[in-house]
Amino acid sequence: MNYLQIKQGQYEFCFGGKTMRLEFLSNRCFRLYQRTPNRRYYAIESEPISEADVCQSESGLEFGYSQIKVAFDEENRLSVSYFGQESFRAEPYKVSHETENLSLMAMEGHHASRDLNGKGGIRIYADLPIYGMGERSGPLDKRGYDYVNWNTDDPSAHVDTFKSLYQSMPFFIAFRGKTSFGVFLDNTSKSHFDFNKSKRDSILIDFEDGVADYYFFFGSMPEVIQEFTRLTGRNPLVPYWALGAQQCRWSYHDKAELDAVIEGYAVANIPLSAVYLDIDYMDAYKDFTVDASKFPHIQDYLAELRKKDIYVVPIIDAGVKAEEGYFLYDEGVKNGYFSTLDGEIYHNEVWPGDSVFPAFLDEPVQQWWANHIQHMLELGFAGIWNDMNEPASFKGPLPMDVMMGKDMPHRVAHNIYGHHMVKAGAMGFEKAGKRLFQLTRAGYAGTCRYSATWAGDNQSIYDHLRLMLPQLMNMSLSGQAYIGVDIGGFGGDTTPELLTKWAIAAILNPLYRNHSAMGTLPQEPYTLNGDYLLGYRKAVMTRYEILPTLYDELYFAESEGSVPLRPLIYNFPDDSNVLNENTEMMLGESLLIAPSLFPGETKRVCYFPDDFVQFGTWKHYAKGHHIIDVGLTDTPLFLRENGMVVLASAGNDKAKKNDVLRVFLGKNGSSARHFEDDGDGLGYRNGQYNLYHLRNEGGVLRISYLHHGMQSEYQKVILVHLDGKETTMDFVDLILPA
Ligand code: MIG
């Protein structure tokens with residue numbers, strides 16, 4: 001086979017009838033792609049540099065670097081090995097279409113399962129557990145399912161057969177312990193991933209437009225994810241307040257209603273850190289306006305709430321009201337900032353009625369939007385909640401030719417429209433010099449650089465409580481760190497039992513936000529009574545004890561690419577019991593939750609992959625299956641005995657750190673790292689933080705600095721022993737000299 005060496009480590013040859021390039025980006029990653037002039041990158045910030053030289057090229061075509069070998073044969077087959085073992089074989093692939101007439105079936109409301117006109121693709125011969133793909137319905141292990149990457153706002157109940165939700169993440173991990181591999185197709189057009197569904201022995205990938213651009217990653221699951229996020233980016237650390245309890249509803253209509261919510265929490269004695277303003281705070285649903293008849297003197301009001309440690313996050317929608325005299329519309333029209341069709345500004349309908357859509361893919365549009373976001377932040381809003389950015393539209397989907405930026409038709413811009421909306425938003429935070437806090441509904445690979453994600457419109461049904469775990473775990477394994485779903489369920493009426501069980505099941509979720517839709521029964525926790533209220537409060541208070549670990553994990557996610565919320569298989573890759581564990585989740589290495597996911601249930605089976613002790617009761621559970629209590633006021637949260645967990649003091653009701661460091665010691669030899677900074681601002685990026693190494697040496701806690709960049713706030717240390725007994729010491733007495 002012929003090939004061309006473009007430069008050191010970069011080769012060009014013909015594969016599947018296309019001119020392809022191959023290059024190694026590291027000893028864990030190679031890229032196989034169709035070279036295109038003027039290619040732009042979105043998931044990654046710029047074209048990656050091949051770091052590696054090829055050390056071998058012999059018969060047929062064989063390239064290798066470090067432990068990765070890639071061989072191509074005359075039949076266009078590709079075979080990859082890692083550490084001397086075959087990793088997978090692959091070949092170019094094109095979807096063959098079903099020829100029957102499916103229109104009658106469609107008339108009855110059925111969907112043909114495949115509706116792609118494949119332009120290219122790849123068939124990978126592998127039959128392994130599959131994780132990742134971002135925000136999806138269905139189980140943790142995706143084998144046997146297929147998914148379409150096309151950001152979709154479908155408010156009907158998200159069931160296992162859904163192909164698409166709001167985000168597109170063309171990335172997955174094929175799990176095989178230390179020699180797992182990951183695949184990322186960096187193509188923003190509609191693509192389709194079939195995991196051993198139509199062909200039992202294969203993973204099929206195809207796409208509708210654009211070109212082939214595959215990245216293959218190798219190593220253990222954590223290594224594959226780390227390498228993927230090294231390329232596509234990571235969620236920056238959120239402010240500490242964002243870890244507290246958050247309350248939302250569509251909508252709190254005015255100041256009186258919002259005050260009542262805050263008061264309700266106070267009376268019920270449940271901590272509250274943030275509240276959200278849904279679309280009705282705006283004047284006629286116009287972005288960047290506040291209806292002063294509902295929220296007078298918004299700046300003063302926000303400042304007043306801030307004094308009570310309540311942060312306010314307003315919604316911003318992608319659709320802009322088309323109305324002359326509205327500043328945003330006028331500015332956009334004047335400067336050509338809106339998406340166009342055939343050269344004219346394209347209109348559709350969203351909440352404000354007749355609406356237009358910023359051409360977010362253009363840099364000047366991003367700058368313009370960023371200025372308005374900056375203004376919102378300067379008013380005192382603490383974050384931005386980005387909605388309807390698939391983009392959603394009421395009068396049918398946007399035509400495929402709508403231009404969402406220069407040379408960017410909807411067809412290829414769709415999946416990255418929301419991505420660029422929050423990119424613009426993040427620029428606004430930068431201009432304001434503030435630590436980033438955004439939520440987005442739509443997204444693509446790499447979007448987490450700019451925004452965190454909540455999983456859109458779930459419903460108040462037990463199926464969606466159960467969906468939460470595998471959905472969040474797979475988002476996590478796709479490199480999204482700060483994530484959550486609406487606690488209690490968004491659509492439909494929740495029940496007291498469902499709401500309380502949800503609050504418990506979500507204790508470890510990075511985003512802890514209760515939200516519900518217009519017209520549904522009130523869902524704020526203070527509307528509960530009896531054991532429901534007790535259970536909800538206890539869940540929140542428990543969460544407030546684990547805030548330091550949550551914050552640590554989010555810091556490590558940004559700085560090292562580890563995963564905060566984890567399926568058990570991430571921590572226990574050799575334990576085949578947990579390959580598809582959909583009902584338990586871990587935070588970091590040592591916290592495990594096994595919540596009730598059914599009505600009426602008070603006991604359930606829990607599998608412990610190691611020895612654990614229950615939080616609060618300090619009951620010991622040896623590795624294996626056990627029946628545990630999951631009543632309304634039980635706390636099915638467990639600490640690993642071979643681990644150490646950094647906690648806040650019992651009774652902590654503030655989403656900020658204080659002068660007490662509380663540490664569950666675990667067994668002799670357990671250790672942890674802990675991060676301390678001032679909880680907001682950007683100082684930590686300039687070294688203003690402390691990183692501690694904590695170690696249990698024969699029952700004695702030893703603390704040393706891994707990084708010492710600020711004066712520590714800690715005075716006291718509370719040691720929590722395996723049996724729950726606590727001893728208090730002075731912080732200075734435990735610090736080892738440097
Ligand atoms: O079409 O702003 O997912 O969280 O409350 C509904 C109203 C529009 C959808 C979001 C939801 C939000 C709602 N929005």
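Q: Before we start, what counts as near a molecule here?
A: A residue is near a molecule if one of its heavy atoms lies within 4 Å of it. Keep in mind that this is a predicted model.

Q: Okay. How many residues surround the ligand, and which are the closest?
A: The ligand has 13 residues around it. The closest are D278, D387, R441, D457 and H515.

Q: What does D278 do at the ligand, in distance terms?
A: One of its polar side-chain atoms lies 2.5 Å from an oxygen atom of the ligand.

Q: And how far are R441 and H515 from a ligand oxygen?
A: For R441, a side-chain N or O atom is 3.0 Å from an oxygen atom of the ligand. For H515, the corresponding distance is 2.9 Å, again from a side-chain N or O atom to a ligand oxygen.

Q: How much of the ligand does the protein bury?
A: The protein buries 94% of the 350 Å² that the ligand exposes when taken alone.

Q: What is the shell around the ligand made of: nonpolar, polar, charged?
A: The shell holds 8 nonpolar residues, 1 polar and 4 charged.

Q: Switching to sheets. What is the strand order in the open one with 8 strands?
A: The order is β5-β6-β7-β8-β9-β15-β14-β11, with antiparallel pairing.

Q: Which strands stand at the edges?
A: β5 (61-65) and β11 (146-149) do. Each has a single partner strand, so one side of each lacks a neighbour in the sheet.

Q: By how much are neighbouring strands turned against each other?
A: By 15° on average, with direction ignored.

Q: What joins β9 to β15?
A: There are 6 bridges between β9 (residues 120-125) and β15 (residues 202-207), and the two run antiparallel. In one of the pairs, G121 has D206 of β15 as its bridge partner.

Q: Now β12. Are its faces covered, and by which residues is that shown?
A: Both faces of β12 (residues 171-174) are covered. F171 and I173 are buried on one side, F172 and A174 on the other.

Q: Which strands pair with β12?
A: β10 (residues 130-132) pairs with it in the antiparallel sense over 3 bridges. There, G132 has F172 as its bridge partner. β13 (residues 180-185) is joined to β12 by 4 bridges, also antiparallel. In that pairing, I173 stands opposite G182.

Q: What about the hairpin of β12 and β13?
A: It has 5 residues between the strands, and G177 takes a positive phi near 55°.

Q: Last one: where does L272 lie, and is it buried or exposed?
A: L272 lies in the loop between α3 (255-267) and β18 (274-277). L272 is buried, at 12% relative accessible area; the cut-off for buried is under 20%. L272 and Q246 are 6.1 Å apart, C-alpha to C-alpha, though 26 residues apart in sequence.

Technical notes:
Residues numbered from 1 in each chain as written. Predicted model: local features only at pLDDT ≥ 70, side-chain atom pairs only at ≥ 80, totals over all residues. Heavy atoms only, no water. Polar contact = N/O pair within 3.5 Å; in protein donor to acceptor, adjacent residues only side chain to side chain. Areas by Shrake-Rupley, 256 points an atom, 1.4 Å probe, with all protein chains shown as cover. Nonpolar A, V, L, I, M, F, W, Y, C, P; charged D, E, K, R; others polar. Pairing = 2+ DSSP bridges. Axes fitted to C-alpha atoms, helices over the stretch in contact; angles between N-to-C directions. Buried < 20%, exposed > 50% of the residue type's maximum accessible area, 1.4 Å probe, protein only.
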